[in-house]
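Me: I'd like a close look at one part of this model. Could you pick a strand in the middle of things and walk me through what surrounds it?

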Amino acid sequence: IPYKKGFFRRGISVVTAATRQPLGEAVPPQTKHSERLSSILARVEGRSSPEVLRLGPRGYLTQGTVSNLFLVKEGKLLTAPTWLGALGGVTRDQVIKLTRRLRIPVVETPFTRHDLFNAEEAFLTNVLMGVAPIREADGRKIGVKVPGPVTRKLMHALRAPSTTSREPRCERQGARSKERRRRRIHCDTPRRSDVGDGPLPPQPE
């Protein structure tokens, strides 16, 4: 997916594929496997869209071909449960934790295209895009403002240093070592009050 900057400012347009996602009992969504035929067929159906939404066997929306789907309705954040066929993505889990930390109710529950069309906000998540607001789905406008207030709040929270990629351990250790050396040199350097009014003695190299 070409993740352009405009996707995050203006939102993206998605379509729903008619090709149904396999039963979770047949192909567990949490399993890493190479059987991607249904996703490939869905992408072919929605080749003109940056992302294609999937329907489960019972007609509920589950996720995108490479992303998880979230809705905001009546102040609550909704996402499809994993038992329905949604993949428990890394960014999905981060967003759920952030939502609870921000005291926004989050519910894992089945929902339909009708729920999506009438949602106040909707967005997609994955590791590469982070949080991407949805502007319209199947030609229908989603919400009033894009990104909506909840989506915008989660976009900013996910970019924060405490919730994004951490500094490599070697760099953190190097920074701490430099700080310790700086403090040791500062403490070992005699102050003018310790040696009188004369010049300071030369320091070892």
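Here is a walk around strand 7 and its neighbours.

Reply: Sure. Keep in mind that this is a predicted model, and every value below is computed from it.

Let's start with strand 7 itself. Six of its six residues are buried, so strand 7 is largely enclosed by the rest of the structure. Both faces are covered: on one side you have Glu-121, Phe-123 and Thr-125, and on the other Ala-122, Leu-124 and Asn-126.

What sits alongside? Strand 7 pairs with strand 4 (68–73) in the antiparallel sense, over five bridges. If you want a handle on the register, Leu-69 has Leu-124 as its bridge partner in strand 7. Strand 7 also pairs with strand 8, again antiparallel, over four bridges. There, Thr-125 stands opposite Val-131. Strands 7 and 8 form a hairpin, with three residues between them.

Now go back to the lead-in to strand 7. Ala-119 is in the loop between helix 4 (113–117) and strand 7 (121–126). Its relative accessibility is 5%; the cut-off for buried is under 20%, so Ala-119 counts as buried. Leaving aside residues up to four places away in sequence, Ala-119 touches Leu-71, Val-72, Lys-73, Ile-142 and Gly-143. Glu-74 is 45 residues away from Ala-119 in sequence, yet the C-alpha to C-alpha distance is 8.4 Å.

Glu-74 takes us to the next hairpin. Strand 4 and strand 5 form it with two residues between them, and Glu-74 in the turn has a positive phi of about 55°. The two strands pair in the antiparallel sense over four bridges, and Phe-70 has Thr-79 as its bridge partner in strand 5. Just ahead of strand 4, in the loop that follows strand 3 (61–64), is Thr-65. With a relative accessibility of 8%, Thr-65 counts as buried, and its side chain makes a polar contact of 2.6 Å with the side chain of Glu-51.

Moving on from strand 5, the pairing sense switches: strand 5 and strand 6 pair in the parallel sense, over three bridges. Leu-78 stands opposite Val-107 in strand 6. Helix 3 belongs with these two strands, and the three elements make a right-handed β-α-β unit.

Helix 3 (residues 90–101) deserves its own stop. It has twelve residues and reaches 17 Å from first C-alpha to last, close to the 16 Å expected at 1.5 Å a residue. Its buried residues are Thr-91, Arg-92, Val-95, Ile-96, Leu-98 and Thr-99. Seen down the helix axis, they fall within an arc of 165°, so they line one face of helix 3. The other side has Val-90, Lys-97, Arg-100 and Arg-101, which are exposed. Just after the helix, Arg-103 takes a positive phi of about 60°.

And that brings us back to where we began. The elements that the buried residues of helix 3 pack against include strand 7, along with strand 4, strand 5 (76–79), strand 6 (106–108), strand 8 (130–137) and helix 5 (149–159). So if you pull up strand 7 in your viewer, good things to show with it are the paired strands 4 and 8, plus helix 3, whose buried residues pack against it.

Definitions and conventions: Residues are numbered from 1 along each chain as its sequence is written. This is a predicted model: local features need pLDDT of at least 70, side-chain atom pairs count only at pLDDT 80 or more; totals for chains, interfaces and linings use all residues. Side-chain values use heavy atoms; hydrogens and water are left out. Buried means under 20% relative accessible area, exposed over 50%, partly exposed in between (1.4 Å probe, protein chains only). Contact means heavy atoms within 4.5 Å. The expected span of a helix is 1.5 Å times one less than its number of residues. The arc is that of the directions from the helix axis to the C-beta atoms. A polar contact is a pair of N or O atoms within 3.5 Å; within protein, one must be able to donate a hydrogen and the other to accept it, and residues adjacent in sequence count only if both atoms are side-chain atoms. Two strands pair if DSSP finds at least two bridges between them. A crossover is right-handed if, with the strands pointing away from the viewer, the path from the first strand over the helix to the second runs clockwise.
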